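Me: I would like to go through this structure slowly, one question at a time, with the reasoning written out before each result.

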Amino acid sequence: MISITQTKLRRERSEGNSGVILNEQSIPHLKEGHYYVQPIDLDGDAPKQFVSAYFFTPNSTIRKSRPHTWERFIAKSAEKWYPHESVLEFLINRIGQTLGLRMNEVKLLRVNGQIRFFSKYFLEANETLIHGAEICGAHLEDLPLAEEIANDPKSARDLFTFEFIKEAIENTFQANSDKILLDLVKMLGF
C-alpha cells in the first residue's frame, strides 16, 4: 500500500529571485498524475519533498499503471535564489558525471509551475546514509562532540583536517577505505 499525502508538490518560496530563464520551456515538464508526494520528512536548508515519479523506461518493470514501481526522488527547490540555484545544482552534477565521478542520477524538471532539481533516491531498504559527523564521532568515540565541532566552521576547519578524515574513514570502513578515500579525493578535486 502506498501512502500518498499530496498529489502535487508544494509551491515553494525562496529568499530571492535570480531572474528569468529564457528557454524555460526546454526544461522537461513532469505532469500531474505522473508523480505523488510521500509523507517522509527530509532535513536540510533547501525546501524539499520526497516523491515517486513515473518516467518511461524501456525494458524495465516500471509501469505507469503501477505507482509502487515508480522511481523515488528528492525534489528540491531553491532556498535562496530561484530558479538559477536549481539549474546550477543540476549542471554541477552533470559536469561531475561527464568527468566520470560517481554522481547521483539527477533531473531538472518543471513541476507544478516551478523548476525543481530532482535527485534520485539511491538507498536500498537495508542501507542507511552515514553523515560525516557520525564517521568523525565514531573515530573520536564521542558523537555529540563531533556534531558540535561540525556545526562550528572554525573548529571544523581546525580539527577535521584531511588527515583526520582519512584516519576516521580507515577506522570506520576498514574493508572499503581505499575506494572511499579515492572517491573523496576525486570529489574534493572536482
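Me: What is the relative accessible area of E89, and is E89 buried, partly exposed or exposed?

Reply: This is a predicted model, and the value is computed from its atoms. Buried would require a relative accessible area under 20%, and exposed one over 50%. E89 falls in between and counts as partly exposed, with a relative accessible area of 24%.

Me: Which side chain does E89 meet in a salt bridge?

Reply: Side chains of opposite charge can pair when their charged atoms come close. E89 lies in helix α1 (residues 84-98) and its partner in strand β4, so the pair ties together parts that are 13 residues apart in sequence. The salt bridge, at 2.9 Å from N to O, joins E89 to K76.

Me: Which side chains of strand β4 point to one face and are buried?

Reply: In a regular strand the side chains alternate between the two faces of the sheet. Along β4 (residues 71-76), R72, I74 and K76 point to one face and are not buried, while the other face has the buried side chains of E71, F73 and A75.

Me: With which residue does E71 form a salt bridge whose closest N and O atoms are 2.8 Å apart?

Reply: E71 counts as buried because its relative accessibility is 15%, whereas its partner is partly exposed, with a relative accessible area of 24%. E71 lies in strand β4 and the partner in strand β7, so the pair ties together parts that are 49 residues apart in sequence. The closest N and O atoms are 2.8 Å apart, and the partner is K120.

Terms used: Residues numbered from 1 in each chain as written. Predicted model: local features only at pLDDT ≥ 70, side-chain atom pairs only at ≥ 80, totals over all residues. Heavy atoms only, no water. Buried < 20%, exposed > 50% of the residue type's maximum accessible area, 1.4 Å probe, protein only. Helix = DSSP H or I, 4+ residues; strand = E, 2+ residues; numbered from the N terminus. Salt bridge = Lys/Arg side-chain N within 4 Å of Asp/Glu carboxyl O.
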